[in-house]
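Please look through the sequence and the model below before reading on. The explanation then moves from the whole chain to particular residues.

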Amino acid sequence: MNALDLSLHRSGISRASHGFARRAIDIVLAAAAAMVFAPLMLVIALALLLEGGRPI
């Protein structure tokens with residue numbers, strides 16, 4: 001538990017919905033990060049291909 005979890009521990013929030021919401025946020029943020037970093041990963045893969053050949 002960290003400081004950010006403290007505000008979520010209210011009696012009105014059930015554990016199941018809290019877990020679902022946290023999982024959904026994790027998936028959305030991971031998908032957004034993958035889209036943001038995909039071009040960078042492509043550039044790195046191309047640089048590795050040019051520098052060392054196959055396999056990457």
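The paragraphs below take up the fold, the surface and one peptide bond in turn.

The model is a predicted one, and its protein chain holds 1 helix and 0 strands. That helix, α1, spans residues 15-52. According to the UniProt record, in an unreviewed entry, residues 27-50 carry the annotation "transmembrane region"; in the model, the chain over residues 27-50 is 100% helix and 0% strand, with the C-alpha atoms at its two ends 33 Å apart.

How much of the protein chain counts as buried? Of its 56 residues, 2% do. The area that the protein chain exposes comes to about 5100 Å², and carbon and sulfur atoms supply 72% of that area.

Part of the surface is a nonpolar patch, formed by Val36, Phe37, Leu40, Met41, Ile44, Leu48 and Ile56, which together have about 720 Å² of accessible area. One member of the patch, Val36, lies in helix α1. Is Val36 buried or exposed? With a relative accessible area of 57%, Val36 counts as exposed, because the cut-off for that class is over 50%.

Beyond the helix, the segment after α1 contains Pro55, and the peptide bond that joins Arg54 to Pro55 is cis, with an omega of about -15°. As background for reading that value, most peptide bonds are trans.

Definitions and conventions
Residues are numbered from 1 along each chain as its sequence is written. This is a predicted model: local features need pLDDT of at least 70, side-chain atom pairs count only at pLDDT 80 or more; totals for chains, interfaces and linings use all residues. Side-chain values use heavy atoms; hydrogens and water are left out. UniProt positions are given in the numbering used here, feature names are shortened, and annotations may be inferred rather than shown by experiment. Helices (H or I, at least four residues) and strands (E, at least two) are DSSP runs, numbered from the N terminus. Buried means under 20% relative accessible area, exposed over 50%, partly exposed in between (1.4 Å probe, protein chains only). Accessible areas come from the Shrake-Rupley method with a 1.4 Å probe; for residues, only the protein chains shown count as cover. Patches are made of residues with over 30% relative accessible area and no salt bridge: like charges are joined within 9 Å, nonpolar side chains (Val, Leu, Ile, Met, Phe, Trp, Tyr) within 5 Å. A salt bridge is a side-chain nitrogen of Lys or Arg within 4 Å of a carboxyl oxygen of Asp or Glu.
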